[in-house]
Amino acid sequence: MNVLVTRPDQRGQQLVELLAEKQIFALHQPLFSVASGKDLPQLPSAIARLNRGDYVFAVSKNAVDFAYETLKETGFHWRSDLHYFAVGQGTAQYFCAQIEQKVIYPIESENSEGLLELPQMQDLSDKNVLILRADSGRELFPEQAQLRGAQVHILECYQRIIASDLPEQISLAKRIGIDVIVITSGEILLTLFEQTAESERNWLFECRLVVVGQRIAKLAIKLGWKPENIQISEKADNQSLLKLLINH
């Protein structure tokens, strides 16, 4: 088993190191880098306009990082009269450590569906919901929040930049014998598919995918993977992914 870990930032490298401890070869290959988003200058005023009890939702650790640094530079503090949310435990703990406020997250399903099942999300009448995210992302949560009565404000904290030589990097993964690929978001999966040369798609579809959640699994099947080549982790933390990989 040779594993390609596409998870970005230090979490991807940490998973590679955990696999190495189990004598499993793994390559860390993030499919894009991140840069500051165009809406960051608006962040202090966006938070200042929120009413007491409104919601702030951080989609990822990258969103937390860029938002935190922006407020730190402007001398603006995270308000203690707001409710803070994240989609998973890892991001929630990171968000909590940065802003020193309680951060709520869905325990059972670490995704937008799980977030929408939280008691706090059932009636959003008269609520403002500020979403800190990348230049693109899933629309399920903002759309459902609006349907439930919220005024939704999306703030682009960072943008994803795809490396110009990504097709060559994916081709290298094939040549060194990668046969398992870890995918932690739908956007990562789409980027992998789109940046893989058509002549190498057969190899790609033969690789076993380890994905986070049913939604990404369904997307993989739609793109061309066979269901028997897909393993699903309901949680996105590295320990859950590691357990799934080594128990195959």
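## Two domains

Domain bounds here come from an automatic or database domain assignment. On that basis, the chain of this predicted model splits into domain 1 (3–32 + 164–247) and domain 2 (35–160). Measure from C-alpha centre to C-alpha centre and domain 1 sits 27 Å from domain 2.

## Where they meet

Eight residues of domain 1 are in contact with nine residues of domain 2. Between them the two domains bury about 900 Å², with 40% of that on carbon and sulfur atoms. On the domain 1 side, Glu-187, Arg-215 and Lys-235 give up the most area to domain 2, and together they make up 44% of what that side buries.

As for specific pairings, there's one salt bridge across the interface of domain 1 and domain 2. Glu-187 forms a salt bridge with Arg-160, and their closest N and O atoms are 2.4 Å apart. Three residue pairs are in polar contact between the domains. The side of domain 1 that touches domain 2 has six charged residues, two nonpolar ones and no polar ones.

## The pockets

The largest pocket comes in at about 1,200 Å³. Both domains help to build its lining, with at least three residues from each. That lining runs to 47 residues, and Val-59, Val-87, Thr-184, Ser-185 and Arg-215 are the ones nearest the pocket's centre. By type, the lining has 17 nonpolar, 17 polar and 13 charged residues. Arg-215 is a name to remember, then: it lines this pocket and is also among the residues of domain 1 that lose the most area to domain 2.

The second largest pocket has a volume of about 170 Å³. Its lining residues include Asp-39, Arg-49, Asn-128 and His-153, along with Leu-50, Leu-130 and Leu-155.

Conventions
Residues are numbered from 1 along each chain as its sequence is written. This is a predicted model: local features need pLDDT of at least 70, side-chain atom pairs count only at pLDDT 80 or more; totals for chains, interfaces and linings use all residues. Side-chain values use heavy atoms; hydrogens and water are left out. Contact means heavy atoms within 4.5 Å. Buried area is the accessible area (1.4 Å probe) that two parts lose on being put together, summed over both. A salt bridge is a side-chain nitrogen of Lys or Arg within 4 Å of a carboxyl oxygen of Asp or Glu. A polar contact is a pair of N or O atoms within 3.5 Å; within protein, one must be able to donate a hydrogen and the other to accept it, and residues adjacent in sequence count only if both atoms are side-chain atoms. Ala, Val, Leu, Ile, Met, Phe, Trp, Tyr, Cys and Pro count as nonpolar, Asp, Glu, Lys and Arg as charged, and the others, Gly among them, as polar. On a 1 Å grid over the protein atoms alone, a cavity is a set of points where a 1.4 Å probe fits but cannot get out, and a pocket is an open set with protein on both sides within 12 Å along at least five of seven lines; lining residues have an atom within 4 Å of a point. Grid points are joined across faces, edges and corners, and a volume is the space filled by probe spheres set on the points.
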